[in-house]
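Let's take a walk through a protein fold together. Keep the sequence and the structure at hand as you read.

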Amino acid sequence: MITTWEPTTAGVMRLPSGRLVRGRGLSRPLPQGPEPAFALYLLGHQPPPVAWENRWLHWPDFWLPSDRTATGDALREAWARAETERVEIACAGGQGRTGTALACLAVLDGVPNREAVAYVRAHYAPRAVETPWQHRFVSRFR
């Protein structure tokens, strides 16, 4: 059974393949509606517990993830699961780290690296991917 997001749900970005992923900021209340089936949390500290399956990546605000191999694995898992599940990507503000991760998902979905940040800014949030090193991370992501 497919249980993905509704395309009109706040924060949901459609990838070129049709996969839907929700980005959000954890500093804001959980949106109304269905909960994610899987979430990837990008924070400098362990997130509070939630009722759904999740994975935490140590990723300090305005910086890059501490473990790039684990990050690549987690992003590939999130991308694969988004085909049939409600996947959420979130950091504190929902812009820099979340935007960077969403841009990497766009790369996995076939968007060229050099176009991925623009794709996320057009389809998710105009200020997504905040720092030069986050841009570079996306440009080198495989």
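Which backbone nitrogen does a side-chain oxygen of Asp67 reach at the start of H1? The backbone nitrogen of Thr69 is the partner, and the oxygen comes to within 3.1 Å of this atom. Before we go on, please keep in mind that this is a predicted model.

## Helix H1 and its surroundings

Helix H1 covers residues 68-81 and lies across strands S3, S4 and S5. Relative to S4, the helix runs at about 150°. You can check the length of H1 yourself: at 1.5 Å a residue, its 14 residues should span 20 Å, and the end C-alpha atoms are 20 Å apart, so the two values agree.

Part of H1 is hidden from the surroundings: Thr71, Gly72, Ala74, Leu75, Ala78 and Arg81 are buried. The cover over these buried residues includes the strands S3, S4 and S5, together with helices H2 and H4. A general rule helps when you look at any such helix: an α-helix has 3.6 residues a turn, so residues three or four places apart point the same way.

## The sheet

Now turn to the strands. Five of them, in the order S1-S2-S5-S3-S4, form an open sheet with mixed pairing. At its edges are S1 (12-14) and S4 (53-58), each of which pairs on one side only. From one strand to the next, the twist averages 25°. As background, strands of a sheet pair through backbone hydrogen bonds, either parallel or antiparallel.

Let's follow some of the neighbours. S2 (residues 20-25) runs parallel to S5 (residues 87-91), and 5 bridges join them. Here Gly23 has Ile89 of S5 as its bridge partner. S5 also pairs with S3 in the parallel sense, over 4 bridges, and in this pairing Ala39 stands opposite Glu88. On to S4: S3 and S4 are parallel as well, with 6 bridges between them, and Tyr41 is partnered by Trp56 of S4.

## A strand under cover

How many of the residues of S3 are buried? The count is 6 of 6, so to speak a full house. Side chains leave this strand in two directions: Phe38, Leu40 and Leu42 point one way, while Ala39, Tyr41 and Leu43 point the other way. Both groups are buried.

## Arg22, a buried arginine

Arg22 sits in strand S2. Is this residue buried or exposed? Its relative accessibility is 1%, which is under the 20% cut-off, so Arg22 counts as buried. The side chain of Arg22 has a polar partner: a contact of 2.5 Å joins it to the side chain of Glu88.

Many other residues touch Arg22, among them Trp5, Leu30, Pro31, Pro34 and Pro36. The contacts of Arg22 also include Val87, Glu88 and Ile89.

## Cys104 and the aromatic rings

Helix H2 (residues 96-108) is the home of Cys104. With 0% relative accessibility, Cys104 counts as buried. Leaving aside residues up to four places away in sequence, Cys104 touches Leu75, Phe137, Val138 and Phe141. Leu30, in contrast, is 74 residues from Cys104 along the chain, and their C-alpha atoms are separated by 24 Å.

Two of those contacts bring us to the rings. The structure has 3 aromatic pairs. In one of them, the rings of Phe137 and Phe141 have centres 6.3 Å apart and planes at 35°, so the pair is tilted. Both Phe137 and Phe141 are buried. Ring pairs link these two residues and Trp59 into a cluster.

## Arg121, a partly exposed arginine

Our last stop is helix H3 (residues 113-123), where you will find Arg121. At 32% relative accessibility, Arg121 counts as partly exposed. Its contacts, beyond residues up to four places away in sequence, are Pro126, Arg127, Ala128, Val129 and His135.

With His135 there is also a polar contact between the two side chains, at 3.4 Å. Finally, compare positions along the chain and in space: Arg121 and Gly96 are 25 residues apart in sequence, and their C-alpha atoms are 11 Å apart.

Conventions: Residues are numbered from 1 along each chain as its sequence is written. This is a predicted model: local features need pLDDT of at least 70, side-chain atom pairs count only at pLDDT 80 or more; totals for chains, interfaces and linings use all residues. Side-chain values use heavy atoms; hydrogens and water are left out. Buried means under 20% relative accessible area, exposed over 50%, partly exposed in between (1.4 Å probe, protein chains only). Contact means heavy atoms within 4.5 Å. Two strands pair if DSSP finds at least two bridges between them. Axes are lines fitted to C-alpha atoms, for helices over the stretch in contact, and angles run from 0 to 180 degrees between N-to-C directions. A polar contact is a pair of N or O atoms within 3.5 Å; within protein, one must be able to donate a hydrogen and the other to accept it, and residues adjacent in sequence count only if both atoms are side-chain atoms. The expected span of a helix is 1.5 Å times one less than its number of residues. Rings of Phe, Tyr and Trp (its six-membered ring) pair if their centres lie within 6.5 Å; planes under 30 degrees apart count as stacked, over 60 as edge-to-face and the rest as tilted.
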